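Biologist: Please take me through one part of this model in detail, beginning with the cysteines and moving on to the sheet and helices around them. I should like the cut-off behind each term to be stated as well.

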Amino acid sequence: MRLRIINPNTTASMTDKIGAAALAVARPGTEIIAVNPASGPVSIESHFDEAIAAVGVCDEVRAGEATGTDAYVIACFGDPGLYAARELTRAPVIGIAEAAFHMASLIATRFSVVTTLGRTGIVAERLLHEYGMANRCRRVRAAEIPVLALERNPQAAFELIVEEALRARREDGIGAIVLGCGGMADLTEQIAQAVGLPVIEGVTAAVALAESLVTLKLQTSKHGDLDFPPAKPFSGDFARYSR
């Protein structure tokens with residue numbers, strides 16, 4: 001089984017960390033290919049960043065289709081380009097936010113999300129409604145740290161995340177914590193030990209779901225809106241998408 005883990009930003013150190021987290025939970029024999037686009041934002045912290053990053057996600061799916069891929073994981077908590085990526089392949093495509101929400105709902109009736117910035121927390125709130133999980137989430141909390149602080153000052157970032165997770169435990173009446181950033185992929189066990197609650201991180205959750213879908217021979221439906229995009233010419237920088 002070959003899984004392509006796409007970090008939608010261009011920070012290679014984060015891609016390496018995400019790939020290591022994915023490999024740590026993958027089944028024996030599963031090949032993990034962690035990649036990031038060559039062009040795009042170094043971190044994703046706005047709607048604009050997501051729009052640009054979605055193009056890179058689509059490019060990485062097209063590259064995966066050319067080399068043979070059984071499933072894809074979009075390793076950013078905004079799930080940028082998720083539906084567009086699903087249009088481009090029959091293979092399952094899993095966004096880490098959707099994966100984490102579903103996994104959390106299986107082990108707790110209520111959970112809270114701890115993410116990086118308040119503005120990206122708003123994106124998580126939108127996704128909770130879109131995925132039908134808003135009634136399971138008590139609160140989306142932000143540690144108010146830039147995404148790249150997870151790379152540049154990991155200990156300070158870890159402490160702020162734990163502080164917010166502990167507040168969630170005290171105040172939210174929850175049974176689990178969801179980590180709201182792919183850059184937190186290596187912190188799950190440490191945070192769980194510090195907080196004393198189950199902690200769900202989206203990269204590893206998405207790997208497990210992707211492997212299950214491949215095992216069950218379930219592919220992305222091509223009946224309806226996730227059918228392959230209509231063939232048409234594209235111009236300028238997007239001419240590569242012409243069919």
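**The cysteines and their surroundings**

Modeller: The closest cysteine sulfur to that of Cys137 belongs to Cys181 and is 16 Å away, which is too far for a bond. Cys181 is itself in no disulfide, the nearest cysteine sulfur being that of Cys76, at 7.1 Å. A disulfide is taken here as a pair of cysteine sulfur atoms within 2.5 Å, and by this rule the count comes to zero. A disulfide is a covalent bond between the sulfur atoms of two cysteines.

This is a predicted model, in which local features need pLDDT of at least 70 and side-chain atom pairs count only at pLDDT 80 or more, whereas totals for chains, interfaces and linings use all residues. Residues are numbered from 1 along each chain as its sequence is written, and side-chain values use heavy atoms, with hydrogens and water left out.

Both cysteines are buried: Cys137 has a relative accessibility of 12%, and Cys181 has a relative accessible area of 8%. Buried means under 20% relative accessible area, exposed over 50%, and partly exposed in between, with a 1.4 Å probe and protein chains only.

Cys137 lies at the start of strand β6 (137-142), which, like β8 (199-201), is an edge strand that pairs on one side only. These strands belong to an open sheet of four, in the order β6-β5-β7-β8, with parallel pairing. Strands (E, at least two residues) and helices (H or I, at least four) are DSSP runs numbered from the N terminus, and two strands pair if DSSP finds at least two bridges between them. Neighbouring strands of this sheet are turned against each other by 25 degrees on average, direction ignored. Axes are lines fitted to C-alpha atoms, for helices over the stretch in contact, and angles run from 0 to 180 degrees between N-to-C directions.

Strand β7 (residues 176-180) pairs with β8 in the parallel sense over three bridges. Within this pairing, Leu179 stands opposite Glu201 in β8. Helix α5 (residues 118-130) packs on the sheet and touches β5 (111-115) and β6, its direction making about 155 degrees with that of β6. Helix α8 (residues 188-195) lies across β7 and β8 and runs at about 160 degrees to β8.

Helix α7 (residues 154-171) also belongs to this picture. Its 18 residues reach 26 Å from the first C-alpha to the last, close to the 26 Å expected at 1.5 Å a residue; the expected span is 1.5 Å times one less than the number of residues. Buried residues of α7 include Ala157, Phe158, Ile161, Val162 and Glu164. Those buried residues pack against β5, β6, α6 (149-152), β7 and α8. Just after α7, Gly173 takes a positive phi of about 65 degrees.

Ile161 in particular ties several of these elements together. Among the residues it touches, not counting those up to four places away in sequence, are Val114, Ala143, Leu179, Met184 and Ile191; contact means heavy atoms within 4.5 Å. Ile161 and Phe101 have the most contacts inside the largest nonpolar core, which has 72 residues. Such a core is a set of buried Ala, Val, Leu, Ile, Met, Phe, Trp, Tyr and Cys residues joined through side-chain atoms within 4.5 Å. In soluble globular proteins, nonpolar side chains tend to be buried together.

From β8, the path leads to helix α9 (residues 202-215). Its 14 residues should span 20 Å at 1.5 Å a residue, and its end C-alpha atoms are 20 Å apart, which agrees. Gly202, Val203, Ala205 and Ala206 are among the buried residues of α9. The elements covering its buried residues include β1 (2-6), α1 (12-25), β3 (71-74), α4 (96-107) and β8.

In α4 sits Glu98, which is buried, with a relative accessible area of 18%. The C-alpha atoms of Glu98 and Ala206 are separated by 8.3 Å, although the two residues are 108 apart along the chain. Leaving aside neighbours within four places in sequence, Glu98 is in contact with Asp79, Leu82, Arg86 and Tyr131.

Finally, β1 and β3 belong to a second open sheet of four strands, ordered β2-β1-β3-β4 with parallel pairing. Four of the five residues of β1 are buried, so this strand is largely enclosed by the rest of the structure.
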